Amino acid sequence: MPMPYYEVDVPIHRTDQPGLSGVHVFTGRADSRSAAVRIAHEVYDAARAARDAGLEIPHGRPDGWGACGYRPGWELDWPAATVGRWNNSYSWTRADVEL
């Protein structure tokens, strides 16, 4: 059985403009909630390092995790991250849909 998809939501805020905030969302397969947060953090760190080195941001890992971009000036609050099983709201196979 394949590992489940998780969604990790990390609060973000703009370092130079107080009041600007949001959430950065990561998704991918993991065997636990703690692994999902760890992998999301690894993906973010790899994106940041690539951008700082002037390289293309890596994405599309085999486990589904990746980063589409990196925004300088935004700080992620990893201790406040929340994680749960990901539900595709557009899928007919969602667990919360009654047929």
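## A quick tour of the model

Ile 12, His 24, Tyr 44, Gly 69, Tyr 70, Arg 71, Trp 74 and Leu 76 line the largest cavity. Keep in mind that this is a predicted model. Besides that cavity, we'll stop at helix α1, which covers residues 33-52, and at two single residues: Asp 63, in the loop between α1 and β3, and Val 23, in strand β2.

**The cavity**

- If you go looking for cavities of 30 Å³ or more, you'll find one in this structure.
- The largest cavity holds about 70 Å³ of space.
- Its lining is a mix of five nonpolar residues, two polar ones and one charged one.
- Tyr 44 is worth remembering here: this lining residue of the largest cavity is also among the buried residues of α1.

**Helix α1**

- Helix α1 has 20 residues, so at 1.5 Å a residue it should span 28 Å.
- Its end C-alpha atoms sit 29 Å apart, which agrees with that figure.
- Quite a few alanines are buried in this helix: Ala 35, Ala 36, Ala 40, Ala 47 and Ala 50.
- Ile 39, Val 43 and Tyr 44 are buried in α1 too.
- What do these buried residues pack against? They meet four strands, namely β1 (5-14), β2 (21-29), β3 (74-76) and β4 (82-85).
- After the helix comes Gly 54, with a positive phi near 75°.

**Asp 63, in a loop**

- Asp 63 belongs to the loop that runs between α1 and β3.
- Is Asp 63 buried or exposed? Its relative accessible area is 19%, and the cut-off for buried is under 20%, so Asp 63 counts as buried.
- The side chain of Asp 63 makes a polar contact of 2.7 Å with the side chain of Arg 61.
- Setting aside neighbours within four places in sequence, Asp 63 touches Gly 28, Arg 29 and Ile 39.
- One of those partners, Ile 39, is itself a buried residue of α1.

**Val 23, in a strand**

- Val 23 has its place in strand β2.
- With a relative accessible area of 51%, and exposed meaning over 50%, Val 23 is exposed.
- Once neighbours within four places in sequence are left out, the contacts of Val 23 are Asp 9, Val 10, Pro 11 and Ile 12.
- Ile 12, from that set of contacts, also helps line the largest cavity.
- Val 8 is 15 residues away from Val 23 along the chain, and their C-alpha atoms are separated by 9.6 Å.

How values were computed:
Residues are numbered from 1 along each chain as its sequence is written. This is a predicted model: local features need pLDDT of at least 70, side-chain atom pairs count only at pLDDT 80 or more; totals for chains, interfaces and linings use all residues. Side-chain values use heavy atoms; hydrogens and water are left out. The expected span of a helix is 1.5 Å times one less than its number of residues. Buried means under 20% relative accessible area, exposed over 50%, partly exposed in between (1.4 Å probe, protein chains only). Contact means heavy atoms within 4.5 Å. On a 1 Å grid over the protein atoms alone, a cavity is a set of points where a 1.4 Å probe fits but cannot get out, and a pocket is an open set with protein on both sides within 12 Å along at least five of seven lines; lining residues have an atom within 4 Å of a point. Grid points are joined across faces, edges and corners, and a volume is the space filled by probe spheres set on the points. Ala, Val, Leu, Ile, Met, Phe, Trp, Tyr, Cys and Pro count as nonpolar, Asp, Glu, Lys and Arg as charged, and the others, Gly among them, as polar. A polar contact is a pair of N or O atoms within 3.5 Å; within protein, one must be able to donate a hydrogen and the other to accept it, and residues adjacent in sequence count only if both atoms are side-chain atoms.
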